[in-house]
Amino acid sequence: MRTSLLGAAAIATWLSLLTACGSTPIEAVSDFNHQFDFSGVRQIALQPVDRADANAIKVSDMQINRINRALSDELSRRGYQMLDANSPEADLLMTWHLVTEERTDVRSYNSMSYYNCWRCGPNVSDVSVRQYTQGTFIVDMIDPASNRSVWRSIIQSRLEAQPQPAEERRREAAQAIFADFPPG
């Protein structure tokens with residue numbers, strides 16, 4: 001029961017990623033195929049989310065639509081035409097997924113003794129163990145001719161509940177994801 005509640009909380013929190021990481025700026029890491037010519041890209045087709053991916057977290061249709069809208073709006077703002085999934089006119093196909101991983105953070109601290117004199121008592125050690133969820137949001141641009149990814153952007157974050165407006169954070173995450181698109 002506790003695990004499913006934590007999983008549900010992690011999903012809700014991650015969607016706040018796209019809602020992402022509190023007040024810190026959202027940063028993405030991108031990579032691309034240097035042989036692919038991005039100069040001719042004008043039309044991008046958003047592919048449906050793969051619900052069969054066992055490593056991806058489960059998201060509702062409403063959440064998928066909100067993420068799709070944020071990504072599509074950012075690409076449209078950058079001058080790209082968004083097409084229906086698998087459109088034969090698409091220059092690139094865009095897909096995304098979310099992956100979470102449970103992690104443990106163990107830290108040990110040495111502190112002074114509770115005595116007020118130097119070397120009067122033993123040092124006190126304290127160990128802090130915290131469970132957290134590491135989230136990864138991945139966006140791929142796929143060349144429809146080769147059916148291979150030619151561009152990828154990733155946001156990784158320790159997932160934490162944030163009181164920030166989700167719509168604004170999704171927009172900021174989409175801007176970060178596409179900050180280096182197209183490359184060059």
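Let me begin with a term: a residue is called buried when its relative accessible area is under 20%, and by that criterion 39% of the 184 residues of this protein count as buried. Please keep in mind that what we are looking at is a predicted model, whose mean pLDDT is 79, with 72% of the residues reaching 70 or more.

That confidence is not spread evenly, since helix α1, residues 2–15, has the lowest mean, 47, whereas strand β2, residues 43–46, has the highest, 96. Over residues 1–6 the pLDDT is below 50, and this stretch makes 0 contacts in the model beyond near neighbours in sequence. Residues 17–22 also stay under 50, although for them the model does have 24 contacts beyond four places in sequence.

As for the overall layout, the protein has 3 helices and 6 strands, arranged along the sequence as α-β-β-α-β-β-β-β-α. If we take contacts between residues at least 6 apart in sequence, 76% of them join residues at least 24 apart.

Now to the interior. The largest nonpolar core comprises 30 residues, and W96, F178 and F181 have the most contacts inside it. Strands β2, β4, β5 and β6 and helices α2 and α3 each supply at least two of its residues, with the largest share, 5 residues, coming from α2. Looking at F178 in particular, and leaving aside neighbours within four places in sequence, we find it in contact with L71, E74, L75, R78, M94, V139, M141 and W151. Apart from this core lies another, of 5 residues, including A45, L83, A90 and L93.

Turning finally to the surface, the protein exposes about 11,400 Å², of which carbon and sulfur atoms supply 48%.

Conventions:
Residues numbered from 1 in each chain as written. Predicted model: local features only at pLDDT ≥ 70, side-chain atom pairs only at ≥ 80, totals over all residues. Heavy atoms only, no water. Helix = DSSP H or I, 4+ residues; strand = E, 2+ residues; numbered from the N terminus. Buried < 20%, exposed > 50% of the residue type's maximum accessible area, 1.4 Å probe, protein only. Contact = heavy atoms within 4.5 Å. Areas by Shrake-Rupley, 256 points an atom, 1.4 Å probe, with all protein chains shown as cover. pLDDT = per-residue confidence, 0-100. Core = buried A, V, L, I, M, F, W, Y, C linked by side-chain atoms within 4.5 Å.
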